[in-house]
Amino acid sequence: MRLDKYLSDMGCGTRSEIKKNIRAGRVSVGVKTIRDAGFSVQSGDVIRYLGEIVRYENFSYYMMNKPQGVISASEDRKMKTVIDLIDEEHRRKDLFPVGRLDRDTEGLLLITNDGQLAHRLLSPKKHVDKQYFAEVRGRVTEEDTQRFAEGVTIDGEYTCLPAELEILESGEISCVSVIIREGKFHQIKKMFEALGKEVLFLKRLRMGSLVLDPALSPGEYRRLTEEEIKAL
Ligand code: URA
């Protein structure tokens with residue numbers, strides 16, 4: 001692989017910044033300073049960029065607490081995306097969010113460049129469960145819990161898989177936990193709509209084994225730990 005591509009894949013900066021630093025003698029391979037951006041890097045080479053060793057990682061995995069107001073996409077002409085929230089030093093070009101949360105939904109979003117893992121997590125056949133916290137206008141009742149367990153029909157035609165609805169607080173505005181095993185467009189909002197209720201706030205807390213780190217404020221992210229990656 002070319003030296004500049006290696007450094008760019010590892011999120012060291014833009015291709016032009018990297019080339020500038022290579023030309024300026026700020027990059028070494030082994031003990032030699034390399035000034036040619038096209039230099040061919042071999043596996044086992046120790047590469048230093050601005051004095052720091054840069055190891056090659058095939059895959060990167062981040063958990064983000066997605067804030068409201070940004071979209072779950074890799075790029076967009078007009079709107080801010082979750083990838084725009086990744087610092088330049090981590091922002092490799094092939095990162096994408098695994099699945100979508102609505103623009104006004106907060107919470108757990110996995111961001112990676114591992115297409116196979118994403119495919120497994122999103123495959124409708126795998127039924128990976130996703131847990132959400134929601135605030136809902138209207139009094140949520142045990143009857144609603146029953147309807148969720150039986151499978152709510154949305155858009156007047158699709159019957160959702162059984163879902164778990166737990167009432168945390170019932171009142172004019174109710175707080176609930178919902179677990180679904182599929183990911184239809186606006187699914188939770190539509191499920192409540194089918195019951196005559198409106199979702200006012202929605203936050204994803206868990207996806208399969210991956211639990212949102214409570215230390216992350218909206219807009220923050222961190223690398224997954226080795227254990228979290230293994231569990232996924
Ligand atoms: N269900 C929704 O309605 N919106 C989301 O963002 C996720 C699940």
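This dialogue walks through ring pairs and pockets in a predicted model.

Visitor: How many aromatic pairs are there?

Guide: Ring centres must lie within 6.5 Å to pair. By this rule, the count is five aromatic pairs. One of them joins Y6 and Y56, with 5.1 Å centre to centre and 45 degrees between the planes. That pair is tilted.

Visitor: What does the pair of Y6 and Y56 tie together?

Guide: Look at where each ring sits. Y6 is in helix 1, while Y56 is in the loop between strand 4 and strand 5, so the pair ties together parts 50 residues apart in sequence.

Visitor: Is Y6 buried or exposed?

Guide: Buried means under 20% relative accessible area. Y6 has 7%, so Y6 is buried. Y56 has 32% and is partly exposed.

Visitor: Which other pair can I look at?

Guide: Try F148 and F192, a tilted pair at 5.0 Å centre to centre and 50 degrees between the planes. F148 belongs to helix 4 and F192 to helix 5, 44 residues apart. Both are buried.

Visitor: Where does the largest pocket lie?

Guide: See which domains supply the lining. Domain 2 and domain 3 both give residues to the lining of the largest pocket, so it lies between them. Its volume is about 650 Å³. Of its 31 lining residues, those closest to the centre include R100, K184 and H186. K184 also lies over the face of Y158, at 4.9 Å from the ring centre.

Visitor: And where is the second largest pocket?

Guide: Domain 1 and domain 2 both contribute to its lining, so the second largest pocket lies between them. The volume is about 290 Å³. Its lining has seven nonpolar, three polar and seven charged residues.

Terms used. Residues are numbered from 1 along each chain as its sequence is written. This is a predicted model: local features need pLDDT of at least 70, side-chain atom pairs count only at pLDDT 80 or more; totals for chains, interfaces and linings use all residues. Side-chain values use heavy atoms; hydrogens and water are left out. Rings of Phe, Tyr and Trp (its six-membered ring) pair if their centres lie within 6.5 Å; planes under 30 degrees apart count as stacked, over 60 as edge-to-face and the rest as tilted. Helices (H or I, at least four residues) and strands (E, at least two) are DSSP runs, numbered from the N terminus. Buried means under 20% relative accessible area, exposed over 50%, partly exposed in between (1.4 Å probe, protein chains only). A charge sits over a ring if NZ of Lys or CZ of Arg is within 6 Å of the ring centre and within 35 degrees of the ring normal. On a 1 Å grid over the protein atoms alone, a cavity is a set of points where a 1.4 Å probe fits but cannot get out, and a pocket is an open set with protein on both sides within 12 Å along at least five of seven lines; lining residues have an atom within 4 Å of a point. Grid points are joined across faces, edges and corners, and a volume is the space filled by probe spheres set on the points. Domain bounds come from an automatic or database domain assignment. Ala, Val, Leu, Ile, Met, Phe, Trp, Tyr, Cys and Pro count as nonpolar, Asp, Glu, Lys and Arg as charged, and the others, Gly among them, as polar.
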